[in-house]
Amino acid sequence: MTGSSLPTLPVRDPRGHKGTFGTVTVVGGCAPRRHDPTTMLGGPCLSAIAALRAGAGLARLAVPEPLMTGALTIAPSATGLALPVNADGDIDATGAARALRHHATGTVMLAGPGLGTGDGVRRLLRSFFELDACALVLDADALNALGAMPDAPDLVRTAAVPIVLTPHIGEFRRLASAIGITGEARSGASDLAQRFDATIVLKSSTTVIASPSTTHTVDAPNPVLATGGSGDVLAGVIAGLLAQHGTDTPVHDLAHAGVVAHAAAADAWCAEHQADGGLLAMELADRLPPAIAALRRSS
């Protein structure tokens, strides 16, 4: 692994309890709808599991009500919050926002994995910027919804909490194009970070972590990460670290640490299996604890 100097993480309180290490609420998943029978559930479950593997004390899965049983079957260590859907199966933005308002206080909100698209998703996303959360991580479909909002920079820049955006190259291009940002990855991510006053994690073989004042890169190309769900795991890692350390460690440093740990977990899987393909995202999440611990030991 090459790139900027490795980040460090604080040592965990040996007398801490699950409340000490924070809560991550993952908002995602998409139930079958009248106009689209596709079901997406793996993404939010992987994010919740990754947040716990990264050391968060609690994870909550906020998914459409028809998916709740399946979600807790995949991720039984999480708790569940069923979000209402309308007669067509689409998310009921008003009802979902109301439910989240009562559960967001003091948590890190991670929104987007498998959330789907449409007007309801965009309306729900707007409500997130008004929640009394500790931090907000936007991934996947939340980024696509954000890119469709002309006032996206103002929404993000004026939010009262730190925000991390975790786009892959395609999502980044759509988001950047919508607000007139061009250029190669490093400069484009930096420009986006300044425009939004947020932390950007631009995922690729060389990942760029940019805040308005700082940019780091992690050059850790690994073909095993070219598998569905690996990005959901990364978003969960970053959210889990924010839940634990967001009050005393810069957001940029925590995002950087999440990227490094994610890459190290993939390297560990390769070493164990002597393979350059075939990794499952759940296996990636399971290899996070030693990668996180290595960053603590170096602090």
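Q: Is aspartate 286 buried, partly exposed or exposed?
A: Keep in mind that this is a predicted model. Buried would need under 20% relative accessible area and exposed over 50%. Aspartate 286 has 36% relative accessibility, so its class is partly exposed.

Q: Which side chain does aspartate 286 meet in a salt bridge?
A: Aspartate 286 lies in helix 11 (residues 281-286), and its partner lies in helix 1 (residues 42-53), so the pair ties together parts that are 233 residues apart in sequence. That partner is partly exposed, with a relative accessible area of 38%. The N to O distance is 3.1 Å, and the residue is arginine 53.

Q: What distance separates the C-alpha atoms of proline 290 and arginine 53?
A: Proline 290 sits in helix 12 (residues 288-297). At 54% relative accessibility, proline 290 counts as exposed. Along the chain, proline 290 and arginine 53 are 237 residues apart, yet the separation of their C-alpha atoms is 9.7 Å.

Q: Which residue forms a salt bridge with lysine 203?
A: Lysine 203 lies in the loop between strand 8 (199-202) and strand 9 (206-210), while its partner belongs to the loop between strand 6 and helix 5, so the bridge ties together parts that are 64 residues apart in sequence. Lysine 203 counts as buried at 13% relative accessibility, and the partner is buried too, at 2%. With the closest N and O atoms 3.2 Å apart, the partner is aspartate 139.

Q: How far apart are the closest N and O atoms in the salt bridge of aspartate 154 with arginine 157?
A: These two residues are three apart in helix 6 (residues 152-157), so about one helical turn separates them. Aspartate 154 is partly exposed at 42%, and arginine 157 is partly exposed at 36%. Their closest N and O atoms are separated by 2.4 Å.

Q: Within an arc of how many degrees do the buried residues of helix 4 fall?
A: Helix 4 (residues 119-128) has as its buried residues Gly120, Val121, Leu124, Leu125, Ser127 and Phe128. Seen down the helix axis, they line one face, because they fall within an arc of 155 degrees.

Q: Which elements are included in what covers the buried residues of helix 4?
A: Among the buried residues to be covered are Leu124 and Phe128. The cover includes strands and helices: strand 2 (23-27), helix 3 (93-101), strand 5 (108-111), strand 6 (135-138) and helix 5 (141-147).

Q: Leaving aside neighbours within four places in sequence, which residues does serine 190 contact?
A: Serine 190 is placed in helix 8 (residues 185-196). With a relative accessible area of 16%, serine 190 is buried. Beyond those sequence neighbours, its contacts are Ala210 and Thr215.

Key: Residues numbered from 1 in each chain as written. Predicted model: local features only at pLDDT ≥ 70, side-chain atom pairs only at ≥ 80, totals over all residues. Heavy atoms only, no water. Helix = DSSP H or I, 4+ residues; strand = E, 2+ residues; numbered from the N terminus. Buried < 20%, exposed > 50% of the residue type's maximum accessible area, 1.4 Å probe, protein only. Contact = heavy atoms within 4.5 Å. Arc of directions from axis to C-beta. Salt bridge = Lys/Arg side-chain N within 4 Å of Asp/Glu carboxyl O.
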